[in-house]
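Here's a quick look at a small set of computed features. Have the sequence and the 3D view open as you read.

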Amino acid sequence: MNLDDGRPALVPPVEHWACCHCTGGLTSDGQTCEHCEGLGFC
Ligand SMILES: [Zn+2]
Ligand SMILES: [Zn+2]
């Protein structure tokens, strides 16, 4: 067994943080996303 692969398991890909309701903090009709409050990730 080789458990020393040097890869931390707690680092998610950047895409993981993208908001599930919008792209870049704005909804499709140009409103600030209420889900992420305009942050673009949640
Ligand atoms: Zn979201
Ligand atoms: Zn959002």
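A residue counts as buried if 20 or more other C-beta atoms lie within 10 Å of its own, exposed if 12 or fewer do, and partly exposed in between. Keep in mind that this is a predicted model.

By that yardstick, here's how two residues come out:

| Residue | Other C-beta atoms within 10 Å | Class |
|---|---|---|
| Thr-27 | 15 C-beta atoms | partly exposed |
| Glu-37 | 11 C-beta atoms | exposed |

So Thr-27 is partly exposed because its 15 neighbours fall between the two cut-offs. Looking past the residues within four places in sequence, Thr-27 touches Cys-22 and Cys-33. Gly-40 sits 13 residues away from Thr-27 along the chain, and their C-alpha atoms are 9.7 Å apart.

Glu-37 has a backbone quirk: its phi is positive, near 60°, and it isn't a glycine.

Now the whole protein. There are 0 helices and 0 strands, and buried residues make up 5% of the 42 residues. Of the contacts between residues at least 6 apart in sequence, 3% link residues at least 24 apart.

Note on methods
Residues are numbered from 1 along each chain as its sequence is written. Chains are lettered from A and ligands numbered from 1 in the order in which they are written. This is a predicted model: local features need pLDDT of at least 70, side-chain atom pairs count only at pLDDT 80 or more; totals for chains, interfaces and linings use all residues. Helices (H or I, at least four residues) and strands (E, at least two) are DSSP runs, numbered from the N terminus. Two residues are in contact if their C-beta atoms, placed from the backbone, lie within 7 Å.
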